[in-house]
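Biologist: I am new to this model and would like a close look at one part of it. Please start from a single residue and work outwards.

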Amino acid sequence: SKKIEEELEAFLFIMGIISVSISRLWSWHLAEEALLEPIKITLAVLIAGLLFRLIRPKIDKWVQSAINRFGYGTLFFVVVVGLGLLSSVVTAIIAALILSEVVTAIKLPKSTETRLVIIACFAIGLGAVLTPIGEPLATIAISKLKGEPYHADFFFLFRLLGKWIIPGVLALGVCAVLCRKSAGPLGAGNGGTLSEDKPETYRTVIIRTVKVYLFVLALVLLGTGFTPVVEQYLVHVSARTLYWVNIVSAILDNATLTAAEITPAMPLLTVKYVLLGLLIAGGMLIPGNIPNIICANKLSIKSREWLVVGLPLGLILMVLYFVILILTE
């Protein structure tokens, strides 16, 4: 439904209220948690958004200077790895906005730029999970696991997933370099280039901040409402099965699925399988995570264009991570 897609935050908020009501899990503690949990990521989005608005006019000059000095291959690697790791600090939303600006300034064939955007969005989606301010998925995961038995703190996901995420982001950087080397000649090329010309205003920054707050608040409610279902059914499903079930996050926002699936009753190994499955599959198609949605919208990348690159890349990553996870259990 296009209406729901456009007002996703309000829709999830209503669904969260309904789910908690059906599960009869309302409490003052839940109300307090729902109101307070989104504050950190909301402040991060607001501050980073204001800073981005200030540096936006300079990005084109920086990109051209980097191209002249280091070449396209190095630039592609730095963009993918840099934004992938930086997203855990400046948030996936701001990383995606910066990516859109950088791609606009590059001026390469559209097919090359599209591949760069998709690879970078995979990296941003992975890297942002390292802290709870990076993306809503990480915020919700920490919220669900901060009690017994895990007592998840700010760096919990970094300790749990860092050795899996950082090599993956570096590998995606190498993929971006190879993507540049296999591209056609420089210049506009057939089909022109990708470009984003909508200016960031203070109003845009404020609206985005409010939406992020409502989105995370809604996910806290939704996660609590789904707790009885998760504890009765999903806890008993094997970690390996859940990993592949979560390939549906390619078409369903992975933060929403995190809210519906993660529970402290899960063994830590299962939590790892669940989160990695959600993070990787979330990059396959546009609806999978926030960076995809932002970049596809701003740069007018069509669903079919994303699928042609994102689906095979995501499946390769899913298989590689699955094999390595099994070998290291």
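Is Leu-54 buried, partly exposed or exposed?

Modeller: Leu-54 is exposed, because its relative accessibility is 54%. The cut-offs are under 20% for buried and over 50% for exposed, with partly exposed in between, using a 1.4 Å probe and protein chains only. A word on the basis: this is a predicted model, where local features need pLDDT of at least 70 and side-chain atom pairs count only at pLDDT 80 or more, while totals for chains, interfaces and linings use all residues. Residues are numbered from 1 along each chain as its sequence is written, and side-chain values use heavy atoms, without hydrogens and water.

Leu-54 sits in helix α4. Helices here are DSSP runs of H or I with at least four residues, numbered from the N terminus. Leu-54 also belongs to a nonpolar patch on the surface, along with Leu-50, Leu-51, Ile-55 and Trp-62, among others. Together the patch residues have about 1000 Å² of accessible area, by the Shrake-Rupley method with a 1.4 Å probe. Such a patch takes residues with over 30% relative accessible area and no salt bridge, and joins nonpolar side chains within 5 Å. Helix α4 gives the most to the patch, with eight residues. Helix α3 supplies at least two, as does α4.

That leads to α3, which runs over residues 28-36. Its buried residues are Leu-30, Glu-33 and Ala-34. They lie on the same side of α3, because they cover an arc of only 100° around the axis; the arc uses directions from the helix axis to the C-beta atoms. What do these buried residues pack against? They pack against α2 (8-23), α8 and α10 (202-225), with contact taken as heavy atoms within 4.5 Å.

Glu-33 deserves a second look. Glu-33 is buried, at a relative accessible area of 15%. It forms a salt bridge with Lys-146, the closest N and O atoms being 4.0 Å apart. The term needs a side-chain nitrogen of Lys or Arg within 4 Å of a carboxyl oxygen of Asp or Glu. This pair links distant parts of the chain: Glu-33 is in α3, while Lys-146 is in the loop between α8 (136-145) and α9 (156-181), 113 residues apart. Lys-146 is partly exposed, with a relative accessible area of 38%.

Lys-146 has another partner. Its side chain meets that of Glu-37 in a salt bridge, 2.9 Å from N to O. Glu-37 lies in the loop between α3 and α4 (39-70), so this pair ties together parts that are 109 residues apart in sequence. Glu-37 counts as buried, at 17% relative accessibility.

In total, the structure holds six salt bridges. A further one joins Glu-305 to Lys-110, with the closest N and O atoms 3.5 Å apart. Glu-305 is in helix α16 (residues 303-327) and Lys-110 in helix α7 (residues 110-127), 195 residues apart. Glu-305 is partly exposed, at 26% relative accessibility. Back at α3, salt bridges with shared partners join Glu-33, Glu-37 and Lys-146 into one network.

To recap the region: α3 places Leu-30, Glu-33 and Ala-34 among buried residues, and also supplies at least two residues of the nonpolar patch. Leu-54, the starting point, is one of the patch residues.

Notes
Patch = residues over 30% accessible without salt bridge, like charges linked within 9 Å, V, L, I, M, F, W, Y side chains within 5 Å.
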